[in-house]
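Please open the structure in the viewer and keep the sequence panel visible. The tour proceeds by selections, each followed by a short account of what is found there.

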Amino acid sequence: MPVEEFVAGWISGAVGLVLGHPFDTVKVRLQTQTTYRGIADCMVRIYRHESLLGFFKGMSFPVASIAVVNSVLFGVYSNALLLLTATSHQERRAQPPSYMHIFLAGCTGGFLQAYFLAPFDLIKVRLQNQTEPRAQPGSPRPRYQGPMHCAASIFQEEGPRGLFRGAWALTLRDTPTLGIYFITYEGLCHQYTPEGQNPSSATVLVAGGFAGIASWVTATPLDVIKSRMQMDGLRGKVYRGVLDCMVSSVRQEGVGVFLRGLTINSARAFPVNAVTFLSYEYLLRWWG
Ligand SMILES: C[N+](C)(C)CCCC[C@H](N)C(=O)O
């Protein structure tokens, strides 16, 4: 089983993640709190109240965990394609796999990574939603002191299953949309690359960026539900499941609720996934 894909997936994921984290914090706040009037208002208030550091809340854990999550995604995707088409990463340029195979391999990668991602994502969302400014003398202490404390508190208060709160919504969000992610990427690369050649850096950046947008646009409705399920219980409101969360969100806020965070998700998706795919391709060619 080729391991390069796993390592390349890890490094490229980390590069994309740091770049995209400030967007991500604004998104999570907009999706789960109702006090902000929009993206700009949210950014200004985070900056004023919590300084630049406010945008990077909850980042250390995802950076550490992306090693597992992105390597599972890219590693499983690439190895699933190898199983389905019997071609390696390099050979696929000359013999492109069918879109059906790309989609299935992407869905498999998405499905498996969701389980690794679930606890890390839960902790990230809980920390991002703490609005207290960072430790100033006399200020109230936030509920969670950091990622490990957050993980330990959830474990103590809600048991090991508590760490998987929202995991089902996350799996539903990621399985089809990661199929869409890889189809868009491979499709655009194929379109703009002469037969049998490697795509140019510009092509990889643009195809990666649009893959990110296509996948995030389709993922946003379930992303809203996922974030809400992860915050559930902390501030009252108890949803009976994914469907119940959908129905009660729509009843209270209208169908527009599914679009919450769409603009910011897309704005974040382009640069994050452009650099993710660029570093992924180059690492593999370099080791190739
Ligand atoms: C499937 N869904 C759109 C949810 C995620 C796509 C993941 C791609 C990348 N790690 C990123 O954070 O943008």
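The stops below begin with the whole chain and then pass to individual residues.

**The whole chain**

Select the entire chain and colour it by confidence. The model is a predicted one, and its scores are ipTM 0.97 and pTM 0.86. The mean pLDDT is 89, with 96% of the residues at 70 or more. Two elements deserve a separate selection in this colouring: residues 91-94, which form helix 4 and have the lowest mean pLDDT among the elements at 78, and residues 167-191, which form helix 7 and have the highest at 97.

Now change to a cartoon representation. Which kinds of secondary structure appear, and how many of each? The chain contains 10 helices and 0 strands, so that the order of elements from the N terminus reads α-α-α-α-α-α-α-α-α-α.

Align the view with the principal axes. The C-alpha atoms occupy a box of roughly 60 × 35 × 35 Å. Why may the chain be described as agreeing with a compact globule? For 288 residues, such a globule would have a radius of gyration near 19 Å, and the chain has 19 Å.

Next, display the surface. The accessible surface amounts to about 13500 Å², and carbon and sulfur atoms contribute 67% of that area. Of the 288 residues, 52% are buried. Among contacts with a sequence separation of 6 or more, 78% join residues that are 24 or more positions apart. Selecting the charged side chains gives 25 positive and 18 negative ones, and the centres of these two sets lie 9 Å apart.

**Helix 1 and the loop after it**

Select residues 4-32, which make up helix 1, and within them pick serine 12. Is serine 12 buried or exposed? Its relative accessible area is 0%, and serine 12 is therefore buried. Beyond its neighbours within four places in sequence, serine 12 is in contact with Asn70, Thr276, Ser279 and Tyr280. Showing these four residues as sticks displays the surroundings of serine 12.

Remain in helix 1 and move to proline 22. Proline 22 is partly exposed, because its relative accessible area is 22%, and the range for that class begins at 20%. With residues up to four places away in sequence set aside, proline 22 touches Phe55 and Phe56. A C-alpha distance to leucine 53 may be added here: proline 22 and leucine 53 are 31 residues apart in sequence and 9.3 Å apart in space.

Continue to glutamine 33, in the loop between helix 1 and helix 2. Although it is a loop residue, glutamine 33 is buried at a relative accessible area of 12%. Draw a C-alpha distance from glutamine 33 to serine 227; the value is 11 Å, for a separation of 194 residues along the chain.

**Helix 2 and the loop after it**

Select residues 39-50 for helix 2 and highlight isoleucine 46. Isoleucine 46 has 0% relative accessibility and hence counts as buried. Which residues does isoleucine 46 contact, apart from neighbours within four places in sequence? They are Thr25, Val26, Arg29, Ser51, Gly54 and Phe55. Phe55 is also touched by proline 22. For a longer span, draw the C-alpha distance from isoleucine 46 to asparagine 273: the two residues are 227 apart in sequence and 25 Å apart in space.

From the contacts of isoleucine 46, step to serine 51. Serine 51 is in the loop between helix 2 and helix 3, the latter covering residues 60-85. Serine 51 counts as partly exposed at 35% relative accessibility. Inspect its backbone torsions as well: phi is positive, about 65°, although serine 51 is not a glycine.

**Helix 3 and the loop after it**

Select alanine 80 in helix 3. Alanine 80 is buried, with a relative accessible area of 12%. The C-alpha distance from alanine 80 to aspartate 232 is 35 Å, across 152 residues of sequence.

Finally, select alanine 86, in the loop between helix 3 and helix 4. Is alanine 86 buried or exposed? Alanine 86 is exposed, since its relative accessible area is 61% and the cut-off for that class is over 50%. Alanine 86 has a positive phi of about 55° although it is not a glycine.

Note on methods
Residues numbered from 1 in each chain as written. Predicted model: local features only at pLDDT ≥ 70, side-chain atom pairs only at ≥ 80, totals over all residues. Heavy atoms only, no water. Helix = DSSP H or I, 4+ residues; strand = E, 2+ residues; numbered from the N terminus. Rg over C-alpha atoms; globule rule 2.2 N^0.38 Å. Buried < 20%, exposed > 50% of the residue type's maximum accessible area, 1.4 Å probe, protein only. Contact = heavy atoms within 4.5 Å. Areas by Shrake-Rupley, 256 points an atom, 1.4 Å probe, with all protein chains shown as cover. Lys, Arg positive; Asp, Glu negative; His and termini not counted. Charge placed at Lys NZ, Arg CZ, Asp CG, Glu CD. pLDDT = per-residue confidence, 0-100.
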